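Thanks for asking me to look this one over. Here are my notes, set out as numbered points so that you can follow them with the model open beside you.

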Amino acid sequence: LGTLKPQHPWLSLDNTTFLYKLGAYGKDRKSGKEGITAAGLLMFGEERSIVDEFPKYFLDYREKVSDEVRWDYRVIPSDGTWSGNLFDFYFKIINKITDNLNIPFRTIDGIRQEDTRVHKAVREAVANSIIHADYRLPRGIVIEKGKTYFKFFNPGNLRITREEALKGGVSDPRNENIFKMFNLLGVGERAGSGLENIHLAWREQKWIVPDLEESYDPDRI
């Protein structure tokens, strides 16, 4: 992972050991066979190989800021121009989704701070959608940016109560190894405070507090 600090001890490891440390490579306890884990495939594989294992896998990022076209900008894994994996999806959209946020800048010790609490909250929401998705369920991950809103949809249900999710302090990620990899990138809250931080950022801006909804059959958040 390119964002690991240059002195990080894992950077001196061979590829197999490095992937094992990430949770992207492992050994099946029953058969003894070694190979790429499901998390490794989802994070670093090619879209065609991912779909062979997860037939319902789909990622969709949409921007809708004008009335003339259906989407002003869209990213899907099947267009053939990129890998289609989770790692590349995150970095392909993260600057687009936080671009043009109309947030007053602040200074610390005279230095302008471009990265606000809102920027961090949006990144957290993107990561949450990826980390907590059930990739065997239909409809996939859909992230939509409009003129005055963000929407995040992912397949799967809440693994904790809605109250616990909103309050924070309880963490139960669906995909532990994917969560671990994002955590190494500096994204993802181990203490389960992601939604709490999002609400705090929105309240600071005096915006409408985001809502959390579940639907069922198929399960979706």
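**Notes on the predicted model**

1. Let me start with a residue on the outside: N100 is exposed, with a relative accessible area of 66%. Please keep in mind throughout that this is a predicted model. N100 sits in the loop that runs between helix 4 (86-98) and strand 5 (106-108). Its backbone deserves a look too, as N100 has a positive phi of about 65° although it is not a glycine.

2. R139 makes a good companion to that point. Here again a residue that is not a glycine takes a positive phi, of about 80°. Is R139 buried or exposed? R139 is exposed, and its relative accessible area is 53%, so it passes the cut-off of over 50%. You will find R139 in the loop between helix 5 and strand 7.

3. Stepping back to the whole chain, you should be able to count eight helices and eight strands. Of its 221 residues, 41% count as buried. The chain exposes about 13000 Å², and carbon and sulfur atoms supply 48% of that area. Among contacts with a separation of 6 or more, 57% come from residues 24 or more positions apart.

4. Now for the aromatic residues. How many aromatic pairs does a search of the whole structure find? The search finds ten. One of them joins Y57 and Y135: the ring centres are 6.0 Å apart and the planes meet at 40°, so this pair is tilted. Y57 belongs to the loop between helix 3 (47-53) and strand 3 (59-64), while Y135 belongs to the loop between helix 5 (117-131) and strand 7 (141-146), so the pair ties together parts that are 78 residues apart in sequence.

5. Both partners of that tyrosine pair are worth checking for burial. Y57 has a relative accessible area of 4%, so it counts as buried, the cut-off being under 20%. Y135 is buried as well, with a value of 5%.

6. There is also an aromatic cluster to highlight in your viewer. Its members are F44, F87, Y90, F91 and F182.

7. Two lysines are placed over tyrosine rings. K96 lies over the face of Y73, 4.2 Å from the ring centre. K151 lies over the face of Y149, and there the distance to the ring centre is 5.1 Å.

8. Helix 1 (residues 15-22) is worth viewing at both ends. At the N-terminal end, D14 acts as the cap, with a side-chain oxygen 3.2 Å from the backbone nitrogen of T16. Just after the helix comes G23, which takes a positive phi of about 90°.

9. For the strands, I would turn to strand 7 and strand 8 (residues 150-153). They run antiparallel and are joined by four bridges. The two strands form a hairpin, with three residues between them. Within this pairing, V142 stands opposite F153 of strand 8.

10. Finally, please look at one peptide bond towards the end of the chain. The bond from D217 to P218 is cis, with omega near 5°. Where is P218 found? P218 is in the segment after helix 8 (194-204).

Methods: Residues numbered from 1 in each chain as written. Predicted model: local features only at pLDDT ≥ 70, side-chain atom pairs only at ≥ 80, totals over all residues. Heavy atoms only, no water. Buried < 20%, exposed > 50% of the residue type's maximum accessible area, 1.4 Å probe, protein only. Contact = heavy atoms within 4.5 Å. Areas by Shrake-Rupley, 256 points an atom, 1.4 Å probe, with all protein chains shown as cover. Phe/Tyr/Trp six-rings, centres within 6.5 Å; stacked < 30°, edge-to-face > 60°. Lys NZ or Arg CZ within 6 Å of the ring centre and 35° of its normal. Polar contact = N/O pair within 3.5 Å; in protein donor to acceptor, adjacent residues only side chain to side chain. Pairing = 2+ DSSP bridges.
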